[in-house]
Amino acid sequence: MWKTVLRRILIMIPQLLILSLLVFILAKMMPGDPFTGMINPNSDPKEIARLRQEYGLNDPVWVQYTRWLGNMFHGDLGQSYIQKVPVTSLIWDRAVNTFWLSLMTVVLTYLIAIPLGVTAGRHQDEWQDHGVQIFNYITYAVPPFVFYILGIWLFGFTLGWFPISGSVSADVNPGTFAYFWSRFYHLILPSILCSLISTTAIVQYLRTGIVDNKVEDYVRTARSKGVPENVVFNKHILRNSLLPIAAFLGNTITGLLSGSMVIESVFSYPGMGKLFLDSIGQRDYSTLTALILLFGVLTLIGNLLSDIIMSIVDPRIRIK
Amino acid sequence: MEKQSDLLLDIEHLHTAYRLHGKFYDAADDINLTLKRNEILAVVGESGCGKSTIASSIIGLYDHKNTKVTGDILYNELNLVNLNESLFNKIRGNNIGMIFQDPLASLNPLMKVGDQVAETLYYHTDMDEKARHARVIELFNQVGMPRPEEMYEMYPHELSGGLRQRVVIAIAIACKPEIIIADEPTTALDVTIQAQILDLLKEIQKESHSGIVLITHDLGVVAETADQVAVMYAGQIVEKADVKTIFQNPLHPYTRSLLHSMPQTDDESQDLHVIHGTVPSLVNMPRTGDRFAARIPWIPASAHEENPKIHEVEPGHFVRCTCWQSFHFQDEEKKG
């Protein structure tokens with residue numbers, strides 16, 4: 001299997017090269033450059049021109065591309081034009097924030113979705129199932145930003161239970177317990193709200209899996225062996241029903257780093273999604289291209305991880 | 001459960017009804033059957049005649065919400081009808097083993113086949129893991145699987161249809177049950193494998209002195225394996241006798257039509273006999289009259305009983321309705 005994994009990683013190299021080229025071209029095609037925003041009646045055109053020259057924006061396009069790509073290989077994602085800090089450190093800080101928010105969201109999502117899916121599948125067409133279906137329709141149909149804003153209004157603004165923006169309070173010092181508590185406290189509301197409306201796919205896959213599997217012949221065989229009903233359910237029905245969920249586990253894991261643009265924007269949470277949106281708004285090309293490339297890498301790794309996970313949990317799937 | 005007595009199963013007035021559109025309809029209607037030790041009882045009939053319903057009623061595996069079972073299924077003085085589930089779980093797999101039709105679908109795709117056999121032993125014996133493993137290897141040898149140690153570690157999709165069915169049989173006989181219910185055990189298999197599996201079943205039955213209920217639509221299988229035969233039509237038993245009588249002196253029109261529709265290899269000039277029409281569905285089942293009457297319309301209505309009963313026409317030979325006395329095939333009428 002490891003040979004296959006290695007081969008898959010090698011195949012990723014040309015894929016990434018193509019992606020990098022596309023990203024670079026798109027970035028170049030966007031109107032304006034990082035210094036366009038600085039132009040105002042007081043700005044010195046010579047100064048702008050000097051900056052363009054200094055940052056290499058006057059070089060031929062292919063020189064810019066190879067320089068960018070070469071730096072990338074050395075782990076140098078460039079300098080943020082706007083924030084004036086290395087993109088690497090910018091992304092690192094944001095990725096850490098996003099990781100905690102996403103991790104908490106994913107854990108909560110599974111904690112909510114799996115019991116709901118199991119209940120719905122077990123009690124197909126009974127009131128429990130109808131209840132779960134109604135929950136599903138609502139959480140799937142409500143636009144996330146509306147849901148988040150309602151949540152902020154109710155729990156943050158009206159009831160005042162949770163902070164409504166940022167990742168940590170300004171008045172605590174890093175390293176203290178108060179700091180960690182503050183960070184955790186800032187995660188609670190966004191992660192609960194986000195997980196509540198992320199459950200739909202898992203609940204539906206699980207419900208359908210259970211409904212389909214519980215009438216399968218092998219379940220009847222298990223019963224004919226005298227296996228008690230709760231074991232039939234957990235060992236035979238549930239395990240087979242979890243397969244479709246395992247299929248997107250890989251992308252869920254890599255998704256821990258790419259974050260969510262909507263939740264991070266609404267909560268002004270300094271994570272990857274917000275960084276991405278901000279760098280679009282500010283035409284921060286170096287950050288933007290680095291992020292798109294990173295998201296691409298994460299997607300490719302996520303797919304590979306999913307395949308590996310599937311081949312572990314389902315003996316019928318063997319990657320060759 | 002201790003294992004004794006020659007009469008293994010005594011089914012009396014069994015009615016199994018399924019709920020359809022809010023009403024219950026009998027899929028098995030007043031079934032009376034007995035299964036003795038060392039006997040293979042074949043239940044024959046076309047699709048939808050209720051033969052699998054009998055199997056699921058015996059082993060208690062049906063949708064309890066939408067199925068109503070009444071009557072008695074006596075096993076060692078224990079009535080299996082509506083038996084408490086935890087008690088039934090001690091009997092299933094231990095005293096009654098079941099073999100299913102589709103050997104691929106009958107095995108859990110995520111479990112090693114060896115573990116699936118061992119699971120039966122886990123619930124009915126006090127063997128430890130090592131002993132269970134050894135017993136599975138022994139069983140794999142018994143059901144004729146090559147390289148049993150290797151087979152233990154295989155997953156169902158890695159085995160051929162015949163080998164899978166051997167695994168299913170190994171599951172069924174793991175605890176040496178007195179009763180084995182085989183629901184169309186050879187239908188999904190190649191003809192060459194069919195014969196091997198039937199031989200295996202007969203062999204197991206001889207060795208373990210168990211009784212087998214063989215559910216099939218294949219008269220060839222019946223002729224080859226059965227001792228007693230019950231022919232079913234539209235939820236009812238229409239004829240019941242030993243295998244010799246059924247093949248040499250069939251009486252009920254349905255039994256005769258079935259036998260008549262078997263291809264004759266020695267007479268190629270003859271067209272294949274066809275029983276016209278279909279089995280009435282549960283909802284459209286006639287309340288009175290002979291249920292087969294609609295498919296032999298050339299027989300006058302007066303020949304049928306109004307509420308056909310089972311008659312013992314000779315010792316051990318039971319036939320429903322009296323219409324058999326005046327039955328003839330339609331082409332016979334033309335000829336003569």
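This is a chat about a predicted model with chains A and B.

Visitor: Let's start with chain A. How many helices and strands does chain A have?
Guide: Chain A comes to 15 helices and zero strands.

Visitor: What does the C-alpha trace of chain A span along its principal axes?
Guide: About 85 × 55 × 40 Å.

Visitor: And what percentage of chain A is buried?
Guide: Buried residues are 29% of the 320 in chain A.

Visitor: Which residues of chain A does the UniProt domain annotation cover?
Guide: According to the UniProt record, an unreviewed entry, "domain: ABC transmembrane type-1" covers residues 95-306 of chain A. Over that stretch the chain is 78% helix and 0% strand, with the end C-alpha atoms 21 Å apart.

Visitor: For contacts in chain A with a separation of 6 or more, what share comes from residues 24 or more positions apart?
Guide: Those pairs account for 70% of them.

Visitor: Okay, on to the A–B interface. How many residues of each chain are in contact?
Guide: There are 17 residues of chain A in contact with 23 residues of chain B.

Visitor: Which elements of chain A give two or more residues to that side?
Guide: Helix H9 (217-224) and helix H10 (229-241) of chain A do. H9(A) provides the largest share, six residues.

Visitor: What's the mix by class on the chain A side?
Guide: The side of chain A that touches chain B has eight charged, five polar and four nonpolar residues.

Visitor: Switching to chain B, what does its domain assignment give?
Guide: Domain 1 (7-226) and domain 2 (256-335). The C-alpha centres of these two domains of chain B lie 31 Å apart.

Visitor: How many residues of each domain are in contact?
Guide: Eight residues of domain 1 of chain B are in contact with seven of domain 2. On the domain 1 side, strand E1 (7-20) and strand E2 (23-36) of chain B each supply at least two residues. That domain 1 side divides into six nonpolar, one polar and one charged.

Visitor: Last topic: H3 and H4 of chain B. At roughly what angle do their axes cross?
Guide: Roughly 115 degrees, and the axes of H3 (residues 113-124) and H4 (residues 129-142) of chain B come within 9 Å. The crossing of H3(B) past H4(B) is right-handed.

Visitor: Which residues meet there?
Guide: From H3(B) you have B:Gly114, B:Val117, B:Ala118, B:Leu121 and B:Tyr122, which meet B:Arg132, B:His133, B:Arg135, B:Val136 and B:Leu139 in H4(B). By class, the residues of that contact are six nonpolar, two polar and two charged.

Terms used: Residues numbered from 1 in each chain as written. Chains lettered and ligands numbered in written order. Predicted model: local features only at pLDDT ≥ 70, side-chain atom pairs only at ≥ 80, totals over all residues. Axes fitted to C-alpha atoms, helices over the stretch in contact; angles between N-to-C directions. Helix = DSSP H or I, 4+ residues; strand = E, 2+ residues; numbered from the N terminus. Left-handed = near helix turned anticlockwise from the far one by under 90°. Contact = placed C-beta atoms within 7 Å. Nonpolar A, V, L, I, M, F, W, Y, C, P; charged D, E, K, R; others polar. UniProt positions renumbered as here; feature names shortened; annotations may be inferred. Buried ≥ 20, exposed ≤ 12 C-beta atoms within 10 Å, placed from the backbone. Domains from an automatic or database assignment.
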